[in-house]
Structures are given as C-alpha cells and as structure tokens.
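User: I have a model open and would like to know what stands behind the labels attached to it. Please set each label against its cut-off.

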Amino acid sequence: MALTEPFWTFLKIAAAVGFGLNVAGLLGWVERKQSAVIQDRIGANRAEIFGFRVLGLFHPLADAIKMMTKEDFVPPEGMRLWHGMAPGLSLLFSMLCLAALPYGDKIVLGGHALSLQPLPLSAGLVFVLAMLSVGVHGVVMAGWSSGSAYSLIGGLRGAAQMISYEVALLTTLAGPLFLYGTLDLAEAVRWQAHSIGGIVPAWGIFLQPLAFILFMTAGAAETKRAPFDLPEGEAEIVGYFIEYSGMRFGMFLMNDFIESIVLAGLTTALFLGGWHVPGLAHLHLSQPVFALIGVGAFVVKVMAVLWLLMQIRWTLPRFRFDQLLDLGWKNLLPLAILNTLVTAWAVFLAGG
Amino acid sequence: MTDPAPETQERPASLARHPARIVTRPVMRFQERIYLIEVWHGLVITSRHFFVNLWRHTRRAIGLVARAGAVTIQYPDDPAVVAKRGRTRHRLMKREDGTPRCVACMMCETVCPAKCIKIVAEESPDVMIEKRAKIFDIDMGLCVFCGYCVEACPEDAIRMDTGQVEMSSFNRQDMVWNMQELLGNKKKDPAANVPRL
Ligand code: SF4
Ligand code: SF4
C-alpha cells in the first residue's frame, strides 16, 4: 500500500468534514421542503439555474451567495476580535466532532488493516462530548462580544440551557457505556454486532430504550434545535446572534446543522448499531465490500435520525424557559440516574 | 384544579333565568403530563401528512395524475383565484340602450368612506331620467373595497364583480378609472403599466 498512515488519516478527516458540510448544506433544503410537505405546501422552489429548478435544490446555493455578499457588520460597541472568532470557534469544534464518528469498520486490503474511522480514538466518546461542550464558549462569546445587552442575555440563556442538558446527556450515556464497557465508539459499535436470541439485533435502542429517548431529548436540547431553540428563537426571542449578519450568521446556522449531524451520528453509533446491517453477515461477502456497505448503512441511519429530528422540530411547539429547565433538571436527570442504576445492577447480576 | 373566580357582585335579577355557566378547565391526565405519548401522537399526525403528501407529489411527478400535490397557488405564474362573491374592481352598468344606468344621485359618493368617487352631474336628455353623470371617476388607489357604493346605489348602476384585482400602476394618476373605462367602453391604457418619469 502506497498510502502512508498520516495521509490516509488526513484523507479520512477531509472526507468526514466534507460529508458534514455537504449534508449541513442539504439540511437547509430538507428543512424547508420537509416542513412544506408536512404543512401541505410546496416549499421554496424559485431558485433556478438556466431554467432548471430541481425541486428547489439550488436554494442552499442561493443562500450561500446571499450570505457571502452581505455586509459583515460589527456593532461599534462590540469587540471586533472576539465577535469575529465566535462563529468560527463554534463551527471548528463541531467539525472536530465529525472526525471522531465511527463511519465504518476496519477495511482489510492486502493484509493491511485500514480503519474507516477518521480519528480512531480509544476515548472517542469523551472527545466528542468534550467538543460538543466547548461549543457553549462560542455561544457565550458571541453574546458577550456583540456589545448588546440583549445578545448577552441570549448568550447566557443559551449557556444555561446547554450546561443543564449536558448533565442529563452525560448521565444518560452511563447506561449504554456499562453495557458496552468501552469509551471507544468503534468498539461500542462492534459490541452491537451480535443479536439477542438470533432475532433482535443487540442495538442500544432495544437494550436501553429509555436511554435512547432521554439521549435524543437531551441531544436535541444540546444542539439548540426546536422544540428547544430558545437560544436562537429565530424571529421571536432575542438570541445570542442578533448582532450577526452575513456569513458569520450563516456559520452559526451551519453549526446548528453540523451539531445535529453529530448528534445523529452519536445516536447511530451508540443506539442504532452503527454500521451493522441485520443479516448481512450471513451473505459471506468479501471483507472490503462488507465494510463499504457498512459505511452506507451508517450514512442511511444518520439520515433517518436527522429526518426524525426534523419531524420533531416541525411537530412540537417551543418550550418556555422554565419548562425547559424543569424538563432538564427535574425529569431527564432523575430518569437518567435511575436508568444508570438499573443498568448497573443488571450488568452486575449478569456478571459483567 | 382551577380556582373559580370570586363572585364579586350579586348577579342581577334579570339574569336569574339563565343559570351561570361553570367552565371547567380540562385537567391534564398522567398520560398528557409525561408528554411522551402526546409527542408520539403529534409525530403520527405530522408523519401522516408528510407521507401522504409525499405520495401525492410523487404521483404527480411520475405522471399518474395531473392534480398537484399541494393546494398552493403559485400566484404570479398561475392566475389569481378570486372568490365569486369577492369584492373586486368596480364596473358601471348600462341600460338596454347602452346608456349608463347611473342617475348621478351621489349616493355612492356620499357613502364612500375613502372619498374616492368623484361625480359631476349634468342634465339628461331624457326627461324621465333627469340627471346623469358627466364625470364618474373612481380612484382605485384610495378605494378600500368596502362595497358600500354597491350597497348604496338605488339603480344597481355600480357593481364590484369583475374579478379583477390587478390594478397597479406606476403613478397615482393612472390609478384613477374614468367613466368610459368603468363602463368597459374603453380599455385602460396599457401604457399605464410602463414606468414614466
Ligand atoms: S368600494 Fe368603498 S371605498 Fe371603494 S369606491 Fe366603493 S364605497 Fe368607496
Ligand atoms: S349611487 Fe348609483 S346611481 Fe347614484 S351616483 Fe352612484 S352609481 Fe350613480
């Protein structure tokens, strides 16, 4: 193999980030179209190139052009350096998360084992969660450096929400982690390969259904998507990025979508069996083909979770802030602790 | 669960025959309180809409049916749909011999809340009619489309049933429709829609 290890890693990270950015761009379209179809409308379909409209697929492109050509305004009271850095910082950390997701199993080519995970870390889950948590810095930084009391309040509200749900999110994950016995995302996926009684695949969603629901809820709150989109509150509540315009505003928007992708990826890896396809092992395919099908399965599962997130976003009304904190601290956290205790007891009894 | 509003004053005797209606607010049951079941119900509704509409769009796209998947009217491309009884641009009615029905009674001018009708009367050659309009202008830029003029007219001389709602122009003068245009004897000058400086 002519591929040297650093080059291969670089290639994988580039592919992962490219995947994330493209899907994030696509999500803007999905968001519009899915909401339109749910609400019996047609949705954005006016952008055209040479008379071709292709279901409005050019709208993300038009958005990008619009954002890039708009004025990038820094309020006179704002702190120019931090104001400029905040969106980039948010985006950087969520893109780092993308690189740690387990897209596929090892691929064996000519006796050479190549991992399909861009960053095969032994504590990948901790890395992803840490990077997701650092995202709160971007929120507070944007709020503070705008030099506006409203965006500061929005930033602090966002920080309060993200930190509250972080606690619930981490506690929720304790249950599945007791089962898998590893912090390595790829190992966690491999653990889910077997099946219970030969019928139901041993995916996290079947073994830890409560944890799955709690994780999705806390995750949606963590990524600031509706019904938990108080930090943004696109038009109604003042959020942390009211003083942003142009592409920097667009970067916050992208960041949201990328965080959704990361959340979907984590859900897939921890609860939906990652790259596994039930019954595929019986087909005796050659190993590289098997691994590549796995990558496809992972992407399909991520898309399905993203669809579900969108569907939830267009179904539920937004929470009030006190309801939001109530849900996080009084409902999700106790349930997560309960789930942890029960799982720990069960694993102990099973002699794990 | 609810605290009834304190009765601040005696109910008047005239209301004695009508028993007070007590409104009870629905109490959230457990299944609503935990929210998850309701989330599921909501998701079922939106998903049903999603998949049914997706099927309709697909059916249209592959040419199974001609009906559109959504009820959206793509207005500038498709003509505007105006309800039959909608109040649209005015028209003046004619008698059987082709003369305007209007007798210049000024009812519509008087009732018009926007004061956008301007009538100048003159003597009619027919002694039985006495008066007729010499000038009858409606400034569509001021009209609020209330329909009072139609209601007020004793001669059924003015109606708002043309179904036409597109009356924009590039200056205020062109928004004024004169009698011949309202009678339909003369088309509105198409040059009115060309910007003039
Ligand atoms: S519709 Fe109303 S505002 Fe318009 S001309 Fe008639 S009375 Fe006046
Ligand atoms: S109310 Fe009728 S008849 Fe009288 S002036 Fe107006 S349009 Fe003419």
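The turns below go through burial, salt bridges, a surface patch and the ligand shells.

Analyst: This is a predicted model, in which local features need pLDDT of at least 70, side-chain atom pairs count only at pLDDT 80 or more, and totals for chains, interfaces and linings use all residues. Residues are numbered from 1 along each chain as its sequence is written, chains are lettered from A and ligands numbered from 1 in the order in which they are written, and side-chain values use heavy atoms, with hydrogens and water left out.

User: Why is B:Asn53 called buried?

Analyst: Buried means under 20% relative accessible area, exposed over 50%, and partly exposed in between (1.4 Å probe, protein chains only). B:Asn53 has 4%, so it is buried. Leaving aside residues up to four places away in sequence, B:Asn53 touches A:Val37, A:Ile38, A:Asp40 and B:Gly69, where contact means heavy atoms within 4.5 Å.

User: What makes A:Glu31 and A:Arg313 a salt bridge?

Analyst: The term requires a side-chain nitrogen of Lys or Arg within 4 Å of a carboxyl oxygen of Asp or Glu. The closest N and O atoms of A:Glu31 and A:Arg313 are 2.6 Å apart, so the pair qualifies. The two residues are 282 apart, A:Glu31 in helix α1 and A:Arg313 in helix α10 of chain A; helices are DSSP runs (H or I, at least four residues), as are strands (E, at least two), numbered from the N terminus. A:Glu31 is at 10% relative accessibility and therefore counts as buried, and A:Arg313, at 10%, does too.

User: How do you know that B:Arg91 and B:Asp161 are partly exposed?

Analyst: B:Arg91 has a relative accessible area of 29% and B:Asp161 has 37%, so both fall in the partly exposed range. These two residues form a salt bridge, with the closest N and O atoms 2.7 Å apart.

User: What makes A:Leu57 eligible for the nonpolar patch?

Analyst: Patches take residues with over 30% relative accessible area and no salt bridge, joining like charges within 9 Å and nonpolar side chains (Val, Leu, Ile, Met, Phe, Trp, Tyr) within 5 Å. A:Leu57 has 37%, so it clears the area cut-off. Other members include A:Phe50 and A:Ile65, and the patch has about 820 Å² of accessible area together (Shrake-Rupley method, 1.4 Å probe; for residues, only the protein chains shown count as cover).

User: Why is one residue around ligand 2 classed as charged?

Analyst: Asp, Glu, Lys and Arg count as charged, Ala, Val, Leu, Ile, Met, Phe, Trp, Tyr, Cys and Pro as nonpolar, and the others, Gly among them, as polar. The residues around ligand 2 include B:Glu155, and Glu is on the charged list, so B:Glu155 is classed as charged.

Notes
A residue is near a molecule or strand if one of its heavy atoms lies within 4 Å of it.
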